[in-house]
Amino acid sequence: MNHKESVHEKGKTIDIAMEPWKTVTDYMKYHFKIKIQLQDIKDVKVEHKTLQEGTVHITITSYLETDHEGRWQSNALFLLWNFLYDRYAYSSLTNKYIRGMRQDTNSLKNAIYSYLNFAKRSAK
């Protein structure tokens, strides 16, 4: 996880980047790249409470990694066989895991927006 914070005239800027992963099977792994940028963060007093306001940008990128343990990378013939197997014979199962990864990505996005209390706003 990377975290960078700086102070400007307009307010604070905070950049957070993280790359969590989830092992689904011994052959497939989900990777997520999450970047959160908070810009122009200022303290604001509302009803005897100090809150912070600013602009938030969130980017979530996800991808599916097959053969994450590198079992099929030992020689060119295995690599070719792995490519053909993934592309044609195993494609329906791969598509099933891609749908699962999309669901996990959407769940992650919804959890972040709920935490930041953006439930009524739509993501851009």
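In the predicted model, D40 lies in strand β4. Although D40 is not a glycine, its phi is positive, at about 55°. The relative accessible area of D40 is 33%, and this residue therefore counts as partly exposed, between the limits of 20% and 50%. A positive phi, near 50°, also occurs at E47, again a residue other than glycine. E47 is placed in the loop between β4 and β5 (49-66). With a relative accessibility of 72%, E47 is classed as exposed because the value is over 50%.

Strand pairing was examined next. Strand β1 (residues 2-7) runs antiparallel to β2, and the two are joined by 6 bridges. Within β2, K12 is the residue that stands opposite V7. The two strands, β1 and β2, form a hairpin with 4 residues between them. In the turn of this hairpin, G11 has a positive phi of about 145°. Strand β2 also pairs with β4, in the antiparallel sense and over 6 bridges. A17 has K35 in β4 as its bridge partner.

The largest nonpolar core contains 9 residues: I14, I16, I34, I36, L38, I41, I58, I112 and Y113. At least two residues of this core come from each of β2 (12-18), β4 and α2. Strand β4 provides the largest share, 4 residues. A second core, separate from the largest one, has 8 residues, among them M28, Y30, L64 and M101. In soluble globular proteins, nonpolar side chains tend to be buried together.

Aromatic contacts form a further set of features. The number of aromatic pairs is 3. In one of these pairs, Y27 and Y90 meet edge-to-face, with 5.8 Å from centre to centre and 80° between the planes. This pair links distant parts of the chain, its members being 63 residues apart. Y27 is in the loop between β3 (21-23) and β4 (28-46), whereas Y90 is in the loop between α1 (76-89) and α2 (91-115). Both Y27 and Y90 are buried. Y30 and F32 form an edge-to-face pair as well, because their ring centres are 6.4 Å apart, within the limit of 6.5 Å, and their planes lie at 80°, over the threshold of 60 degrees. Y30 has a relative accessibility of 4% and therefore counts as buried, the limit being under 20%. F32 is likewise buried, since its relative accessible area is 8%. Y30 is also one of the residues of the second nonpolar core. Ring pairs further join Y27, Y85 and Y90 into a cluster.

Lysine side chains were found over the faces of two aromatic rings. K29 lies over the face of W21, at 4.3 Å from the ring centre. K96 lies over the face of Y97, and here the value from the ring centre is 5.7 Å.

Conventions. Residues numbered from 1 in each chain as written. Predicted model: local features only at pLDDT ≥ 70, side-chain atom pairs only at ≥ 80, totals over all residues. Heavy atoms only, no water. Phe/Tyr/Trp six-rings, centres within 6.5 Å; stacked < 30°, edge-to-face > 60°. Buried < 20%, exposed > 50% of the residue type's maximum accessible area, 1.4 Å probe, protein only. Lys NZ or Arg CZ within 6 Å of the ring centre and 35° of its normal. Core = buried A, V, L, I, M, F, W, Y, C linked by side-chain atoms within 4.5 Å. Pairing = 2+ DSSP bridges.
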